[in-house]
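Here's a quick look at how the chains touch and how a pair of helices packs. Take a moment with the structure before reading on.

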Amino acid sequence: MSPEILNVIEVLLNGLMAGIMYSLVALGFVLIFKASGIFNFAQGVMALFAALTLVGFQTGQIPFAHLVNVMFGTDYHNWGEGMNSFIAIVLTVLLMIVFAWLVEKLVLRHLVNQAPIILFMATIGLAFFMEGFGDLMWGANIKTLDVGIPSGGSFWWEDVTRVWAPEGADYYGMYIDVLDVWATVIAVALVITLTLFSQYTKIGRALRAVADDHQAALTVGISLRVIWVIVWSIAGFVALVAGIMWGSKSGVQFSLSLIALKALPVLILGGFTSIPGAIVGGLIIGVGEKLFEYSIGPLIGGATENWFAYVLALLFLMFRPQGLFGEKIIERV
Amino acid sequence: MFYRESGDFKTSYRGDQQMFPIFLDRWFVITVSAFAFLVVPFLINDYWEKSVLVPVMVWAMAALGLNLLTGYCGQLSLGTGGFMAVGAYASYKLTTSFPEMNMFIVILLSGGVTAFVGVLFGLPSLRIKGFYLAVATLAAQFFLVWLFNKVPWFYNYSGSGMITAPERFMFGIAISGPNSPPWATYLFCLVIVVVFALIAKNLTRGRVGRSWMAIRDMDIAAEIIGVPPLRTKLSAFAVSSFYIGVSGAMFFMIYLGAAEPTEAFGIDKSFLVLFMIIIGGLGSILGSFIGAAFMVLIPVLFKNIMVGGLGWPTDLVAHLILILIGGLIMFFLIVEPHGLAQLWRITKEKLRLWPFPH
Amino acid sequence: MKYTRLVALSSAMLMSVASWTASAELVFPSLDYRTGPYAPNGIPFADGYHDYLTLLNERDGGIGGVPLRVLPCETGYNTEKGVECYESTKGEGSLVYQPLSTGITYQLIPKATADGIPVHSMGYGRTSAANGAVFSHIFNYPGTYWDAASIIVNYILGEEGGDLKDKSITLVYHNSAYGKEPIRTLEELSKKHGYNLTLLAVDHPGQEQKSQWLQIRRERPDYVLMWGWGVMNQVAIQEAANIRYPMDQFIGVWWSASENDVIPAGEGAHGYKAIAFHGVGDGFAVYDDLRKYVVDAGKAAGDGSNLGTVLYNRGMYAAMLAAEAALTAQGIHGVAQINSGQMRDGMEALKVDQARMTELGLENFGPEINVSCANHGGPGLGAIQQWDAGSQSWSLITGFSGADREVVDALIAEDSAAFAAENNITPRDCGA
């Protein structure tokens, strides 16, 4: 194969990997939208909050240290050396469950039966709240996140692919980030677990029932509120996974919450209600934007990825207005 | 007790159809306008102009525009920031190419250019609905900002891509630029906002507004009774983008005076305006103003109380403000999901019957 | 026209009256950003600025016997909030603004000039403001982006033995006004030295840079320069490490050069270089005083953990230059309670030589500074610093050296002339 073709394959492959990273964020949106019809604007901030909490536990930060120090003139920062990553993750998941319960109790319960845009707005309020709360709790400085996932270019893959190029060509192998490979593995595991969970457990079946028809689910005795708490907890867990993967790359800081913007085109393309849609949408967006940037980008000045993702989603929507895997819109008068 | 509509008889169709049919409403609006036009200009200083009144008017204008589209016609748009950028860059190009052009004409033409761009990006709305439509407007948002950042013609080939508003005069008084007196810029914005608020109010009462609302409430039904979806949706996009373009031009020429596309017209601006109309009230002219005032003034108010009044550290205050705004948004939505304008409407209902609630 | 001048004049007079009537104190507003996407960079700078001024109060009782007041205002790196901050603090007798954001700087250039308040955009903002004849109230000493670009190219010239023919340089830049600053300079220099320049834009916020780094990996440029900010820095350095780009050929501007940017990449960031306009580390005498009078006394703005980091040093350096300018102004005008107009004169006459720096406990911290009416850009000197991941510290690997003045000055003259023409400014006569 000539180096040009290999380069295109490299771009494709990395596009797929980037797409998986977008899908991880989009998954959380889909879960909540499916079960409650809420477009959860706070998903990105939840990822930030979960990652902040994880690092806080790992490094043994005292929550609200800055606030306490200002109010009482004390000088607290740490309560110890921190803890094992695994325990920290478990504690963070527990905290996200508590958070889900609070959201249901204080906000969602009072907004049952409102129009989607009102619920959307409520999650915006939630996003503001958590943004301030997370910073207040753990501080706004940048934090290094390391849970032991390896990262960096893969030597093995470089060696394997180098020989694909013709003898004597100036080619030094294909690049792939080990972290992205791990992200793929984790995403696949996550989707399989979620599918098994929703197919074979009682709660999972209840979830699907609620997603199908709220009122019918209520009549057969499924508690909507419990379901909502469960769904938000799962979304919190997915947010934690997304936060870990993205946070390992860039450190944990405010910008982590902006990854939600990369998930939006994925979500729209895949359809709001489909878990496979989130994955396939992510792959299409990832590959599409990387290929466009590779082929057309240099001609028109680069940095095209942000808008091209939306244009690509738009093109798909022109043919399938409900997204690739979305439920068919049936309009009755 | 004071506020009532009984005894307010109409003897002609004309009287019945006026914009504010209730006597007290009418006088309230006239008094507020008179106060804004005749008293405020003599009291205003730099701080009130740049931090309070002009921003509120600029954002109210944008919120009006988005409310016409989203609140009245039911088409969700997240491209407000991009459309504001179109208005801002159009005004920049116009005023630097034709330095003698009257500022009102510059602003109106900028709105016109934006209306044209808005219609282009509104075309997909014929096929795509609801949240999915957000993608078309988001494409507009990101593409327009990228375009203004990339093509040097838009920023007159300046080194860094910043555009700076040149000094322009009306009746010999600077309207834009650093030496413009606060009262002049304030009055300039006020005239535009009041005129266009009245136009918006009348649009929504007339045939056009009714067809928008028909499409919003159920587009298929509206189509069957003879409302053409193509013309109606695109007219909503055109009018809405016009307003947003005017707001963008004011934002750049009068309020900021310098801008770059990525920061001044980013996606967060689109969300900000959407927050305004939801908090203020979808499908309400008054709501657009209340929402804009809420989102602009609450942070300033909290900041002044907590930093200026109580002397707390600025970073703590910034975090607390976010928490408080988030909390307030959720609180208001729980108390009244239809926005602050609805609260006002309910208060009016109560006043009407007070003190005999039954 | 006449009328507006009158308004400007009277408002300037009002301003000075206001600052005269204020109680005896010198007000230094500090537009910091401790929240938002750029908070990790804003916090240490603000701490450094605040702590140094606190030190002057605690140790010397202010400047020339007049106590200082720091007026912090949170901008969140947001232009509108910055405008609000400026309007709310300018009436309190503020002496000099450090806008700390390209957007806010561009806002303040016309406004502050009309209000007669100087702006010090130290190593950022509008580069051509270095021409003091056009920008009477804007200062950007000790160096500008164009100086930085030229100094980096000079450094590369040195590394390559003075010849850059057919070498390739790639610029990775934040796709905003800030990131675009060096492009023109690098293009001019590429004409002169004959290297190939490739431009790679990264959109805000910059968490996803795979395309850019894959391209760099394919093309293997000899050098990669970076004009990055915020999360873009950390991701770029991480990606560079991932594709195993030689880090000692990867050079950042001074805003891509803090501990925050390299630490998340861990070992991979070892050898990363960046340009600096001041010294690194806390091995300066002034730190003993800072610890003694400010941190240990519990008066520090932050938690004291930032002392000696790059951005803390930069904030402290900014405060030091502001204080020296205030001292100079007091000397010129013979009054202790100076106003913003007098502060401007002080900044324009600012001279900081090595003897004075040693006196201040900052021996060899930065180059000598010599501001004049015509030159607001200072000496325009910079040094290259390199990151050592083992000891987690930066060190300067070159001395302070100058830019290619011929190229940079021509660009400054051209751009400031365009600004003057656009805004009807007649350049001041700065003498010979």
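Keep in mind that this is a predicted model. Start with chains A and B: 35 residues of chain B are in contact with 41 residues of chain A. On the chain B side, helices H6 (134–150), H9 (219–224), H12 (267–280) and H14 (314–335) each give two or more residues. H14(B) brings the largest share, at twelve residues.

Now for chain C, which puts 34 residues against 32 residues from chain B. Here the elements of chain C giving two or more residues include a strand, S2 (68–74), along with helices such as H1 (2–21), H3 (79–89) and H14 (405–422). The top contributor on this side is H4(C), with seven residues.

What about residue classes? Here are the two sides split up:

| Side | Nonpolar | Polar | Charged |
|---|---|---|---|
| Chain B, touching chain A | 29 residues | three residues | three residues |
| Chain C, touching chain B | ten residues | twelve residues | twelve residues |

Inside chain B, there's a helix pair to check out. The axes of H13(B) (residues 285–309) and H15(B) (residues 340–353) come within 8 Å and cross at roughly 120 degrees, so the two helices are oblique to each other. H13(B) makes the contact through Leu286(B), Gly287(B), Ile290(B), Gly291(B) and Phe294(B), while H15(B) uses Leu340(B), Ala341(B) and Trp344(B). By class, that contact has six nonpolar and two polar residues, with no charged ones.

Conventions. Residues numbered from 1 in each chain as written. Chains lettered and ligands numbered in written order. Predicted model: local features only at pLDDT ≥ 70, side-chain atom pairs only at ≥ 80, totals over all residues. Axes fitted to C-alpha atoms, helices over the stretch in contact; angles between N-to-C directions. Helix = DSSP H or I, 4+ residues; strand = E, 2+ residues; numbered from the N terminus. Parallel < 35°, antiparallel > 145°, perpendicular 65-115°, else oblique. Contact = placed C-beta atoms within 7 Å. Nonpolar A, V, L, I, M, F, W, Y, C, P; charged D, E, K, R; others polar.
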